[in-house]
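Here is a walk through a two-chain model, one spot at a time. Keep the viewer open and follow along.

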Amino acid sequence: MKEVVIINYGSGNIFSINSALKKLNYKVIISNNPEEIIKANIAILPGVGAYKHAMKQLIKMNLDEALSIFLKKGGLLIGICLGYQVLFEESEEFGNTHGLSILKGKVVSLNKFKNDTFKIPNIGWRPLIKPNGFPFLNYKTGSMVYFVHSFVPISSDEKIVSSYIQYGNHRIHSSIDNGQVVGFQFHPEKSGNIGLNIINSAIKNF
Amino acid sequence: MILAPRIIARLDIKGENVVKGINLEGVRPVGKPDILAKKYYTQGVDEIIYMDVVASLYERNSLVKYIKEAAKNIFVPLTVGGGIRNLDDIKEVLNNGADKVAINTAAIKNPGLIKQASEMIGSQSIILSIEAKKQKDNSWEAYFNNGREKSGINVIDWIEEAEKLGAGEVLLTSVDNEGLKRGMDIKLLDCIKNKVKIPVIFCGGVGNVQHIKEAIKGVDAIAIASILHYEKITVNEIKNILKIKNHEFC
């Protein structure tokens with residue numbers, strides 16, 4: 001039974017992710033202890049709320065360093081929603097805030113893509129678009145997953161984008177996967193069986 | 001492109017039972033929360049709202065045990081409302097599996113709570129719940145304590161205020177139409193349509209799919225109860241009739 005650490009830094013919906021992992025038969029450890037996280041093979045960084053607050057918490061708890069060592073040791077890191085956004089270099093939420101810079105790119109406001117069809121926050125179920133030939137993640141184009149966000153990362157490296165959604169006239173990046181770091185703007189843990197399959201495939205493929 | 005609205009099941013809960021009344025009054029039991037939630041999840045519902053209908057009177061929400069159980073097996077967004085008074089209540093509910101809270105009474109008494117909560121926890125988890133009742137002068141007033149008490153606040157003003165306070169969504173229930181199954185309050189909908197930029201969940205009066213169709217263009221989500229509880233139709237069937245595919249109309 002694979003073991004997954006959920007990083008508990010006071011900024012995430014841990015309950016639902018824990019439930020999802022248990023449903024998928026993974027052993028779950030919930031921890032904010034840097035040593036425990038460094039030792040793990042698979043870690044999930046959840047997150048809801050404000051970017052600045054989340055970054056502050058991560059730094060205060062020395063989890064920024066822990067994650068960097070964890071990755072050097074070859075661990076699989078999965079970021080969800082805000083836990084995905086903080087993996088990038090910076091966010092324009094409340095002025096510019098530095099992120100963990102694990103991934104190249106910037107988190108921008110959805111205002112940039114303003115249109116009449118979608119409101120901000122972007123709340124609801126949206127169909128994913130799978131990049132042609134993308135090898136990872138078990139889902140098909142058209143699979144519906146649940147979004148709730150006002151900001152979105154733009155990955156500098158287009159090759160790692162593992163899904164898009166259509167947002168007005170724009171296609172925005174909704175998840176990434178570079179083989180070691182997996183990130184979701186949507187909430188796979190709130191997206192029914194489709195979401196559970198996506199989480200499962202991210203962990204299994206590792 | 002028109003986005004199809006989310007179809008949300010609303011469970012009004014009193015004690016151990018899901019209940020249903022008319023105009024939020026005269027409730028009678030229609031089933032158990034766990035069983036109905038599971039059923040609607042299996043039918044493909046987009047979200048579930050748990051509303052403790054007597055909580056404000058007793059000044060506490062008793063739904064934590066239900067939400068905790070539900071969140072183990074139901075993987076769609078769960079909202080809890082009724083008797084949420086302060087930040088501690090919000091945190092307790094969110095830490096036990098809920099994704100959002102719906103706040104009415106406490107927000108009317110202290111609008112600052114919405115602001116504080118959305119800043120600390122994030123707008124995405126904070127829903128301002130509004131119980132609207134039509135007045136003699138054809139305006140709508142916000143009620144609280146489950147539609148029993150007048151606040152003196154105009155619904156349109158309150159909706160506009162919601163966004164400024166930082167609410168992520170508005171749950172708008174028409175007390176007049178609620179439970180009657182004769183259709184939604186389209187006049188109310190027309191009045192608020194262009195007033196608010198955040199998503200609106202509209203609730204009250206759905207008796208058939210036609211009623212959903214009538215409301216569909218003005219809202220982001222529709223909360224339904226009676227027709228599901230009394231098994232007039234399933235969520236699946238609703239989506240099929242509306243031809244919702246990939247959350248757009250075909």
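Glu231(B) sits in the loop between helix H10 (226-229) and helix H11 (235-241) of chain B; helices here are DSSP runs of H or I with at least four residues, strands are runs of E with at least two, and both are numbered from the N terminus. The phi of Glu231(B) is positive, about 55°, although Glu231(B) is not a glycine. Glu231(B) counts as exposed because it has 10 C-beta neighbours inside 10 Å. The scale works like this: 20 or more other C-beta atoms within 10 Å of a residue's own make it buried, 12 or fewer make it exposed, anything in between is partly exposed, and the C-beta atoms are placed from the backbone.

A word on what you're looking at: this is a predicted model, in which local features need pLDDT of at least 70, side-chain atom pairs count only at pLDDT 80 or more, and totals for chains, interfaces and linings use all residues. Residues are numbered from 1 along each chain as its sequence is written, while chains are lettered from A and ligands numbered from 1 in the order in which they are written.

Chain A has a comparable spot. Asn25(A), in the loop between H1 and S2 of chain A, has a positive phi near 70° without being a glycine. Asn25(A) counts as exposed because it has 9 C-beta neighbours inside 10 Å. As background, most residues other than glycine have a negative phi, and most peptide bonds are trans. The second half of that matters for another loop: Ile120(A) and Pro121(A) are joined by a cis peptide bond, with omega about 0°. Pro121(A) lies in the loop between S7 and strand S8 (122-127) of chain A.

Now for the sheets of chain A. Seven strands make an open sheet in the order S2-S1-S3-S4-S13-S12-S11, with mixed pairing; strands pair if DSSP finds at least two bridges between them. Strand S2 (27-31) and strand S11 (161-167) are the edges, each pairing on one side only. From one strand to the next, the twist averages 25°. Here are some of the strand pairs in chain A, each with one pair of opposing residues.

| Strand pair | Sense | Bridges | Residues opposite each other |
|---|---|---|---|
| S3(A) and S4(A) | parallel | four | Ile44(A) and Ile78(A) |
| S4(A) and S13(A) | parallel | four | Gly79(A) and Gly183(A) |
| S12(A) and S13(A) | antiparallel | three | Ile176(A) and Gly183(A) |
| S7(A) and S10(A) | antiparallel | five | Val107(A) and Pro153(A) |

Strand S13 (residues 181-184) of chain A is covered on both faces: Val181(A) and Gly183(A) are buried on one side, Val182(A) and Phe184(A) on the other. S12(A) and S13(A) form a hairpin with three residues between them, and Gly179(A) in the turn has a positive phi of about 95°. Helix H1 (residues 14-23) of chain A lies across strand S1 (3-7), S2, S3 and S4 of chain A, at about 160° to S2(A). That angle runs from 0 to 180 degrees between N-to-C directions, with axes fitted to C-alpha atoms, for helices over the stretch in contact.

The S7(A) and S10(A) pair belongs to another open sheet, four strands in the order S6-S5-S7-S10 with mixed pairing. Its edges are strand S6 (97-98) and strand S10 (151-155) of chain A, each pairing on one side only.

Over to chain B. Which residues of helix H1 (residues 33-42) of chain B are buried? They are Pro33(B), Leu36(B), Ala37(B), Tyr40(B) and Tyr41(B). These residues share one side of H1(B) because they cover an arc of only 135° around the axis, the arc being that of the directions from the helix axis to the C-beta atoms. Just after H1(B), Gly44(B) has a positive phi of about 95°.

Pro5(B) comes in the segment before strand S1 (6-14) of chain B. Pro5(B) is buried, with 25 other C-beta atoms within 10 Å. Leaving out residues up to four places away in sequence, Pro5(B) touches Ile216(B), Val219(B), Asp220(B), Ala221(B) and Ile222(B); contact means C-beta atoms, placed from the backbone, within 7 Å.

Finally, the two chains meet: 26 residues of chain B are in contact with 27 residues of chain A. On the chain B side, these are nine nonpolar, ten polar and seven charged residues. In this count Ala, Val, Leu, Ile, Met, Phe, Trp, Tyr, Cys and Pro are nonpolar, Asp, Glu, Lys and Arg are charged, and the others, Gly among them, are polar.
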